[in-house]
Amino acid sequence: MFCPTKMFVSSYNTRNHILCFIIALILTLTSLTESRYHHHKEKHKHNSHNHHSSKPEPPSSSISQPPTPPPGPNDSPSPSLPPSPSDEPEEDNNGVYNVIKFGAIGDGVTDDTEAFKTAWDSSCSNQNDTVSVLLVPYGYTFMIHSTIFTGPCHSYQSLQVDGTIITPDGPEAWPSNISKRQWLVFYRVNGMALKGAGVIDGRGQKWWELPCKPHRSVNKSAIVAGPCDSPIALRFFMSSNLTVEGLMIKNSPQFNFRFDGCQGVHVESLHITAPPLSPNTDGIHIENSNSVTIYNSVISNGDDCVSIGSGSYDVDIRNLTCGPGGHGISIGSLGNHNSHACVSNITVRDSIIKYSDNGVRIKTWQGGSGSVSGVTFNNIHVESVRNPIIIDQYYCMTKDCSNKTSAVFVSDIAYQGIKGTYDIRSPPMHFGCSDAVPCTNLTLSGIELLPAKGDIVLDPFCWNAYGLAEELSIPPVWCLMSDPPTALQGALVDKCGSP
């Protein structure tokens, strides 16, 4: 049976289904389009970031920094990093203390004293290394004032001088509140090396030209007053286990080196130079020191090449070249101002002395006491030397020193293989011993000394000297007396005792 109402309802439902299908299809297509757009946008975003990161970033600083660590899982800021070693000026990782990193400028004009002192204090207090190196670098000139570098230190100190160190330029540039007697002082340092290929320049010219210096004055009374205060370039005081090696020291205002109250000193391959007329510029002076070796060095100056003062013993000098200029190798002067002096066990060997006022010398003042004993001069070559062998117990800076009844006792002195030429202004051998205290047990062997000019051979000079020429010498030594009186020998025994 046909029913119109049913037909209407059925037609209505069909349109609904078709409409729903069309709406669903539209929504699906829209969703797919948005999804494709989003995917494309994200892909473009990532590609753009990668392209940007491939460009080099300019450095944020001229100082190299460690790389920044990648961000953490929550992209939280990374913690601050400790400074790199290049940011820490005080100390290198290997125990090297470079004075530049402590503020030294090294232009030869700026006062670098405080930088050197701070660097020394840091190096001396280092407990992390067995050796601390205080570096004075090559290519710089450091001007520093009078300074005392004080120990004891926690580690062995190595002062490596590869650059140049200079003093203030003369007395006028020296601060009035600082002593003019010394420049660089090392005090109570037990274990140290001063070495390098650098230069230590005392700039002594203006000091030498002071009118009060003996060689500058025509008034002899000025000479009696002695030299003016001038700084010793390098002084080691009450120190031990020291090595000084390889440096050039030039133009010191006064002594170049002074070792005072030191034990265990080794000097090697030094070059010390000053003009022949520079006053009191002793190359190396030793006082109250023992176990000292001085090897393979060259010294040309205006005073003693090496001088050995009171309280010194166990000194070995070998392969030294002295001159041109200077006063040779000296023991003394001893006994000044009636003082007591003791020197023993000294050996000088395998050395050259040329164009000098003296060769090997022992000099004492009248009025002193004590003794010089156990000295050997062996295999010494002299060239145009005025007094190749000399003992002078009348040493005096003026011409009016009075005779005195006491003197330093000189005994057990051996001269072996002293050969070469001498300046004929003085005899080749001079033994001027005290009237009251003679020299005893002088022995000579292998002596060959000829005049540097001409054919006249001068005789040796002896005064109150006892000894023996063990073989024929040139010139012959006939003036030595033998066998001093027994009573005299007993009175002279043990003037100083064992060191």
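**View 1. The whole chain, where 45% of the 499 residues of the protein chain count as buried.** Here, buried means under 20% relative accessible area, exposed means over 50%, and partly exposed is in between, using a 1.4 Å probe and protein chains only. This is a predicted model, so local features need pLDDT of at least 70 and side-chain atom pairs count only at pLDDT 80 or more, while totals for chains, interfaces and linings use all residues. Residues are numbered from 1 along each chain as its sequence is written, and side-chain values use heavy atoms, leaving out hydrogens and water. The protein chain has 5 helices and 31 strands; these are DSSP runs numbered from the N terminus, with helices being H or I of at least four residues and strands E of at least two. About 25800 Å² of the protein chain is exposed, and carbon and sulfur atoms supply 55% of that; the areas come from the Shrake-Rupley method with a 1.4 Å probe, and for residues only the protein chains shown count as cover. Look at contacts (heavy atoms within 4.5 Å) with a separation of 6 or more, and 75% of them in the protein chain link residues 24 or more positions apart.

**View 2. Strand β26 (residues 409-422) and its partners, with 10 of the 14 residues of β26 buried.** Two strands pair if DSSP finds at least two bridges between them. β26 runs parallel to strand β24 (residues 369-385), with 11 bridges, and Val375 has Ile413 in β26 as its bridge partner. Strand β28 (residues 439-445) is also parallel to β26, joined by 5 bridges; Gln416 sits opposite Ser445 in β28. Then there's strand β29 (residues 448-451), parallel again, with 4 bridges to β26, where Thr421 faces Leu450.

**View 3. His285, a residue of strand β17 (residues 284-287).** His285 has a relative accessible area of 7%, so it counts as buried. Its side chain makes a polar contact with the side chain of Glu287 at 2.6 Å. A polar contact is a pair of N or O atoms within 3.5 Å; within protein, one must be able to donate a hydrogen and the other to accept it, and residues adjacent in sequence count only if both atoms are side-chain atoms. Leaving aside residues up to four places away in sequence, His285 touches Phe255, Phe257, Arg258, Phe259, Ser307 and Gly309.

**View 4. Helix α2 (residues 113-124) and its buried residues.** Those residues are Thr113, Ala115, Phe116, Ala119, Trp120, Ser123 and Cys124. They cover an arc of only 165° around the axis, so they lie on the same side of α2; the arc is that of the directions from the helix axis to the C-beta atoms.
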